[in-house]
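Me: I would like a close look at one part of this structure, taken slowly and in order. Please start with a single pairing and work outwards from there. What does it show?

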Amino acid sequence: MLVELRGKKLSIEKHGSGEPVVLIHGLGSTANVWEPQVRALADRYTMLRCDLEGAGRSPYTSALSIDGWVQDLKALLDMEHIDKARLVGHSLGTLILQHFAVAYPTRVEKLVFIGVNRAPPEARRQAVRERVAKVRAEGLDAIVDTVVKGGVSPHTLAHKPEVVAFVRELLTRQPTEGYARCCEAMASAVAADVSAIKAPVLLVAGRDDNVSPVSNSEGMATDLPNAQVRILEECGHWHPIEQPVAVSQALREFL
């Protein structure tokens with residue numbers, strides 16, 4: 001349902017009962033990417049997921065930014081009277097959670113970074129800006145095949161057409177300008193000081209992830225005081241739906 005927070009309307013869903021777990025999706029995605037994990041864990045936790053402003057069913061109101069999404073998350077926790085939560089992010093969602101954990105450390109019980117995303121290097125920023133220009137000029141159809149093929153694993157591409165179709169649907173159903181603004185927010189992001197994060201962290205990496213290679217998770221783990229890494233085989237960058245059982249099991253064990 002659409003809920004008003006900070007003068008904007010965000011699509012928020014709530015399932016299950018127990019201690020709260022908040023799920024933050026990545027670029028070109030929506031809260032629906034978490035459906036397998038919600039079904040697997042709602043017997044134990046209250047699962048909260050939302051479409052970020054500018055993505056899916058949450059319309060954008062102005063320019064988007066990492067800090068804006070961080071403040072939206074804080075407002076969501078405040079609205080739900082959650083003092084402290086387990087926070088799970090995928091891709092862009094991990095960058096949002098890094099900044100949230102640094103800004104509001106007392107609100108964090110545990111963190112899960114799936115396909116971890118740090119502030120992009122300059123070459124990546126430029127590639128994202130070029131994607132924005134292409135999307136605005138030609139629409140999302142112009143980039144969807146490239147993004148899908150670059151994002152899923154060879155195993156998924158060859159043997160899981162239903163997952164490929166779902167990734168395509170997530171991308172093509174994005175509002176064009178909302179997606180462009182989300183890309184711009186990521187391209188202008190700065191790195192969080194993750195050494196300041198004291199909460200336990202699980203980093204989940206896909207063996208065949210070309211967007212966020214295993215080395216990204218292993219490298220961040222060395223910068224965190226309390227972190228562990230889980231590597232998923234036959235998995236690209238769309239971990240929650242490429243390897244839903246493995247992701248749900250990792251969450252159940254860690255959370």
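Reply: Start with one pair: alanine 85 has valine 108 as its bridge partner in S6. This is a predicted model, so every value here is computed from predicted coordinates. The pair belongs to the contact between S5 and S6, which run parallel and share 6 bridges. S6 covers residues 108-114, and S5 covers residues 85-90.

How much of S6 is buried? The count is 5 of its 7 residues, so the rest of the structure largely encloses this strand. A residue counts as buried when its relative accessible area is under 20%.

Now step to the other side of S5. There S5 pairs with S3, residues 19-24, again in the parallel sense, and 4 bridges hold the pairing. One point of reference on it is valine 21, which stands opposite arginine 86 in S5.

Go back to S6 and move on to S7. S6 and S7 are parallel too, with 4 bridges between them. Here isoleucine 114 finds its bridge partner in valine 204 of S7.

S7 takes in residues 201-206, and 6 of its 6 residues are buried. What about its two faces? In a regular strand, side chains alternate between the two faces of the sheet. In S7, one direction is taken by Val201, Leu203 and Ala205, and the other by Leu202, Val204 and Gly206. Each of these residues is buried. Valine 204, the partner of isoleucine 114, is therefore one of the residues covered under the 20% cut-off.

The next step is S8. S7 and S8 run parallel and are joined by 6 bridges. Glycine 206 of S7 faces leucine 232 in S8.

That gives the local view; here is the whole sheet. It is open, with 8 strands in the order S1-S2-S4-S3-S5-S6-S7-S8, and its pairing is mixed. Its edges are S1 (2-5) and S8 (227-232), each of which pairs on one side only. From one strand to the next the twist averages 25°.

Near one edge, look at the link from S1 to S2 (8-16): arginine 6 lies in that loop. Most residues other than glycine have a negative phi. Arginine 6 is not a glycine, yet its phi is positive, at about 50°. Its relative accessibility is 45%, so arginine 6 counts as partly exposed.

A second case sits just before S5 in the chain. Histidine 81 is in the loop between H2 and S5. Its phi is also positive, about 55°, and histidine 81 is no glycine either. Is histidine 81 buried or exposed? Its relative accessibility is 72%, so it counts as exposed.

H2 leads to the helices. H2 (residues 66-79) and H3 (residues 92-103) have axes that come within 9 Å and cross at roughly 70°. So H2 is roughly perpendicular to H3. H2 brings Ile66, Trp69, Val70, Leu73, Lys74 and Leu77 to the contact, and H3 brings Leu92, Leu95, Ile96, Leu97, His99 and Phe100. By class, the residues split into 10 nonpolar, 1 polar and 1 charged.

Two of those H3 names, Leu92 and Leu95, come up again at asparagine 117. That residue lies in the loop between S6 and H4 (122-138). Its relative accessible area is 13%, so asparagine 117 is buried. Setting aside neighbours within four places in sequence, asparagine 117 touches Ser91, Leu92, Thr94, Leu95, Gln98 and Met186.

One more helix pair rounds out the tour. H5 (residues 144-151) and H7 (residues 161-172) have axes 10 Å apart, at an angle of about 135°. That makes H5 oblique to H7. The crossing of H5 and H7 is right-handed. H5 supplies Val144, Asp145, Val147 and Val148, while H7 supplies Val164, Val167, Arg168, Leu171 and Thr172. The contact of H5 with H7 has 6 nonpolar, 1 polar and 2 charged residues.

How values were computed
Residues are numbered from 1 along each chain as its sequence is written. This is a predicted model: local features need pLDDT of at least 70, side-chain atom pairs count only at pLDDT 80 or more; totals for chains, interfaces and linings use all residues. Side-chain values use heavy atoms; hydrogens and water are left out. Two strands pair if DSSP finds at least two bridges between them. Helices (H or I, at least four residues) and strands (E, at least two) are DSSP runs, numbered from the N terminus. Axes are lines fitted to C-alpha atoms, for helices over the stretch in contact, and angles run from 0 to 180 degrees between N-to-C directions. Angles under 35 degrees count as roughly parallel, over 145 as roughly antiparallel, 65 to 115 as roughly perpendicular and the rest as oblique. Contact means heavy atoms within 4.5 Å. Ala, Val, Leu, Ile, Met, Phe, Trp, Tyr, Cys and Pro count as nonpolar, Asp, Glu, Lys and Arg as charged, and the others, Gly among them, as polar. A crossing is left-handed if the near helix is turned anticlockwise from the far one by less than a right angle, and right-handed if clockwise. Buried means under 20% relative accessible area, exposed over 50%, partly exposed in between (1.4 Å probe, protein chains only).
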